[in-house]
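Trainee: I have not looked at this structure before, and I would like to learn how to read its features one at a time. Could we go through it together?

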Amino acid sequence: MMKLYGGASSPYVRKCRVAARELGITDRIEEAAMPTYGVDPNTPLAGMNPAVRVPTLEMDNGEFLYDSRIILRYLNEVGGGNLYPASDWAMQRRESQAEGMIDASLLLRGEVTRPAEFQYQSFKDIQSRKIDNALAALETQVGDLGAVDAAAISVACGLGYLDFRFDDRGWRNNHPALAAWFEAFNARPSMQSTMPG
Amino acid sequence: MKLVGGLGSPFVRKVRVVIAELGIIDQVELVPSAGKPGTLNQEQSGVNPIGKIPALVMDDGSALFDSRMIMRYLNEKEGGSIYIDGDWDLVRRESQAEGMLDAGLILRFETFARPEELRWDGWIEGQSQKINQCLDSMEKDAAALARVDAASIGTGCGLGYLDFRFADWGWREGRPALTAWYETFSQRQSMATTGPTAPPPA
């Protein structure tokens, strides 16, 4: 039995959970909540994953794998899926882009939850711009997001995270094509059963 | 193809090491660009909307990132052995090296680029412990570093970064296997010509 460690609010963890559902292998994975914010290196996770990142996957052989894109590749292989079509580098570029948006979102979230006296406005502005730039790029690429692949899952979890933590950004306002795509993708059972909270 | 990124970046270095090991230096033009951690270099954002470096710009103008994606792409294109199909232990150790690098960059930003009054001790302590835990794990797995692959390249570039930006860290203390391995690995041509203190390419 594989074990996936990480809390329900993390978009990276969610990517793995969505993938497990799309691949139909949830019966092979035990999902275990774990505190996500890695400031405390003494969490039980430290013994498993020295970089103390979530998600972490404990494989059947007891070894640990991370980070989310690696876990997705691994789940895809064990599940015999098609989340990573061979040599589809355009798809992986889109996945990278979605990752970048998620990275910036998490950095922004990390910054605004710091003690107030340690928050750096310039840093917040930079991450905010990165999110906007990523959204603008994705808006033009919506036509390529048709399939259920690693990129589509990453984009969807990224947008879901914006809804969850940065609802007031109103990302749908300027990105109608992306909003329409997300409306459909978000209705999938794999997304509905993994809503952040 | 063009590789965009600063010469001091350990992520750029990983890609440059792979390019050298695959023997394709003449196929990739290096476009050095300085980027302060946490800023958005306008010159890069045209190529690369999220400002990630390194980015590999293809002949058709599209960009591929991040560093591990670029490494996989070049490896597949050249039929190399930087990654081995189905070798998940290699991938695990590569991820670990990447985690250490991420922590190092975060620490660099926190202690260098961030205004002094906005530095948070708890955060610095946490990232530092992550780095040490990764180093201990690498020491334990040192025998597996014998092969030149994504894991050993990631590890080598990570240790090089510590030497460069955190010279007082003393990562070698208590880690004899890792130290001995690095002594040899860092002298490979691919490493010696891409180090942060190596002369810039002609």
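Trainee: Which residue follows α3(A), and what is the sign of its phi?

Mentor: In this predicted model, the residue after α3(A) is A:Gly80, and its phi is positive, near 60°. A second case belongs beside it, since A:Ser87 has a phi near 55°, which is a positive value in a residue other than glycine.

Trainee: Where is A:Ser87 placed, and is A:Ser87 buried or exposed?

Mentor: A:Ser87 lies in the loop that runs between α3 and α4 of chain A. To judge exposure we count the other C-beta atoms within 10 Å, and a residue with 12 or fewer counts as exposed; A:Ser87 has 11 of them, so A:Ser87 is exposed.

Trainee: How does the count turn out for A:Gln119?

Mentor: A:Gln119, found in the loop between α4 and α5 of chain A, has 14 other C-beta atoms within 10 Å and is therefore partly exposed. Leaving aside residues up to four places away in sequence, A:Gln119 touches A:Glu111, A:Val112 and A:Arg114.

Trainee: Let us go back to the helix before A:Gly80. Which residues of α3(A) are buried, and why can we say that they line one face of the helix?

Mentor: The idea is to look down the helix axis and ask how wide an arc the buried residues take up. Helix α3 of chain A covers residues 68-78, and its buried residues are A:Ser68, A:Arg69, A:Ile71, A:Leu72 and A:Leu75. Because these buried residues fall within an arc of 155° when seen down the axis of α3(A), they line one face of the helix. The elements against which they pack are α1 (11-23), β3 (56-58), β4 (64-65), α4 (89-112) and α6 (150-165) of chain A.

Trainee: Which residues are buried in α7(A), and which are exposed on the other side?

Mentor: Helix α7 of chain A, residues 176-185, has A:Leu178, A:Trp181, A:Phe182 and A:Phe185 buried. They cover an arc of only 100° around the axis, so they sit on the same side of α7(A). On the other side of α7(A), the exposed residues are A:Pro176, A:Ala180, A:Glu183 and A:Ala184. The cover over the buried residues of α7(A) includes α5, α6 and α8 (189-192) of chain A.

Trainee: Next I would like to read how two helices lie against each other. At what angle do α1(A) and α3(A) pack?

Mentor: For a pair of helices we look at the angle between their directions and at the distance between their axes. The angle between α1(A) and α3(A) is about 10°, and their axes are 9 Å apart. That makes α1(A) roughly parallel to α3(A). On the α1(A) side, A:Tyr12, A:Lys15, A:Cys16, A:Ala19, A:Ala20 and A:Leu23 meet A:Ser68, A:Ile71, A:Leu72, A:Leu75 and A:Asn76 of α3(A).

Trainee: What do we find for α1 and α3 of chain B?

Mentor: In chain B, helix α1 (residues 10-22) and helix α3 (residues 67-78) cross at roughly 10°, and their axes come within 9 Å. This is why α1(B) and α3(B) count as roughly parallel to each other. The residues that meet include B:Phe11, B:Val15 and B:Leu22 in α1(B), and B:Ile70, B:Met71 and B:Leu74 in α3(B).

Trainee: At what angle do α4(A) and α5(A) pack?

Mentor: Their angle is about 155°, with the axes of α4(A) and α5(A) 9 Å apart. That makes α4(A) roughly antiparallel to α5(A). Among the residues that make the contact are A:Gly100, A:Met101 and A:Ala104 of α4(A), and A:Phe123, A:Ile131 and A:Ala134 of α5(A). The crossing of α4(A) and α5(A) is left-handed.

Trainee: What span should helix α5 of chain A have, and how far apart are its end C-alpha atoms?

Mentor: The 20 residues of α5(A), residues 121-140, should span 28 Å at 1.5 Å a residue, and the end C-alpha atoms are 29 Å apart, which agrees. Buried residues of α5(A) include A:Phe123, A:Ile131, A:Ala134 and A:Leu138.

Trainee: Finally, how many helices and strands does chain A have?

Mentor: Chain A has eight helices and four strands, in the order β-α-β-α-β-β-α-α-α-α-α-α along the sequence. Of its 197 residues, 43% count as buried. Chain B also contains eight helices and four strands, and 45% of its 202 residues are buried.

Definitions and conventions:
Residues numbered from 1 in each chain as written. Chains lettered and ligands numbered in written order. Predicted model: local features only at pLDDT ≥ 70, side-chain atom pairs only at ≥ 80, totals over all residues. Buried ≥ 20, exposed ≤ 12 C-beta atoms within 10 Å, placed from the backbone. Expected span 1.5 Å × (residues − 1). Arc of directions from axis to C-beta. Contact = placed C-beta atoms within 7 Å. Axes fitted to C-alpha atoms, helices over the stretch in contact; angles between N-to-C directions. Parallel < 35°, antiparallel > 145°, perpendicular 65-115°, else oblique. Left-handed = near helix turned anticlockwise from the far one by under 90°.
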